[in-house]
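The turns below take some terms used for this protein and ask what stands behind them.

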Amino acid sequence: MVFHIFCIFFSSTAHAEENSKNTDLKHVTIKLHWQHQFQFAGIYAAKEKGFYRQAGLDVEILTGFNHPYDEVENGNVDFGISGTGIVMEYMKGRPFVALGATFQSSPYVWLVKADSGIYSAADFVGRTINRQSEADDLTAIFLQQHVDTSKINFVPPAKTISMI
């Protein structure tokens with residue numbers, strides 16, 4: 001009985017201490033440029049392991065369908081996750097700072113059917129490609145391979161699986 005009361009007292013004291021620590025945390029938002037998926041595993045792991053809390057941050061992770069440039073710039077979110085497109089946005093005069101690079105080489109790939117006849121970047125001429133933005137790793141490949149991108153039909157990504 002005494003042990004049980006001690007546990008209740010201890011757990012309520014610990015809970016009160018945790019709440020007082022939580023009030024000292026700065027709430028920040030991180031906006032992903034896509035839905036929850038493995039590419040953001042480091043962000044989720046840091047939250048689950050308490051690394052953000054150790055740094056004094058209460059992090060809220062938000063999902064999206066596009067790069068959050070406007071939301072960061074207008075202050076709706078504190079941090080945004082982007083790809084190489086941030087360089088283009090910076091060159092347009094937007095007040096962004098790249099805090100770090102998650103990948104040291106690009107993880108992006110094209111997915112095509114085996115019977116599509118697409119084996120190189122030049123094979124996309126005259127085709128339709130679904131992509132998230134103009135300033136991305138895939139565009140860099142077209143530029144490097146001297147592919148005339150005006151001869152490729154680019155469409156934005158579908159926002160739901162039923163649109164694909």
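What follows concerns a predicted model, taken by question and answer.

Q: What is the order of elements from the N terminus on?
A: The protein has six helices and five strands, and the elements run α-β-α-α-β-α-β-α-β-α-β.

Q: How many aromatic pairs does a search of the whole structure find?
A: The search finds four. One of them joins Tyr69 and Phe96, with 5.9 Å centre to centre and 35° between the planes.

Q: Why is the pair of Tyr69 and Phe96 called tilted?
A: Ring centres must lie within 6.5 Å for a pair, and planes under 30 degrees apart would count as stacked, over 60 as edge-to-face. The distance of 5.9 Å meets the first condition, and 35° falls in neither of the two angle classes, so the pair is tilted.

Q: What makes this a link between distant parts of the chain?
A: Tyr69 is in helix H4 (residues 69-73), while Phe96 is in the loop between helix H5 (85-91) and strand S4 (128-130); the two are 27 residues apart.

Q: Why does Tyr69 count as buried?
A: Buried means under 20% relative accessible area. Tyr69 has 12% relative accessibility, so Tyr69 counts as buried. Phe96, at 11%, also counts as buried.

Q: How do you know that the pair of Phe124 and Phe142 is edge-to-face?
A: The ring centres are 6.0 Å apart and the planes stand at 85°. An angle over 60 degrees counts as edge-to-face, and therefore the pair takes that name.

Q: Why can the pair of Phe124 and Phe142 be said to tie parts together?
A: Phe124 lies in the loop between H5 and S4 and Phe142 in helix H6 (residues 137-144), so the parts tied together are 18 residues apart in sequence. Both Phe124 and Phe142 are buried, and with Phe154 they form one aromatic cluster.

Q: In what order do the strands of the open sheet of three strands stand?
A: The order is S2-S1-S3, with parallel pairing.

Q: Why are S2 and S3 at the edges?
A: Strand S2 (57-62) and strand S3 (79-80) each have a single partner strand, so one side of each is left without a neighbour in the sheet.

Q: What makes S1 and S2 a pair?
A: Two strands pair if there are at least two bridges between them. Strand S1 (residues 26-31) and S2 have six bridges, in the parallel sense. Among the bridge partners are His27 and, in S2, Asp58. Helix H2 (residues 41-48) lies across S1 and S2, at about 145° to S2.

Technical notes
Residues numbered from 1 in each chain as written. Predicted model: local features only at pLDDT ≥ 70, side-chain atom pairs only at ≥ 80, totals over all residues. Heavy atoms only, no water. Helix = DSSP H or I, 4+ residues; strand = E, 2+ residues; numbered from the N terminus. Buried < 20%, exposed > 50% of the residue type's maximum accessible area, 1.4 Å probe, protein only. Contact = heavy atoms within 4.5 Å. Axes fitted to C-alpha atoms, helices over the stretch in contact; angles between N-to-C directions.
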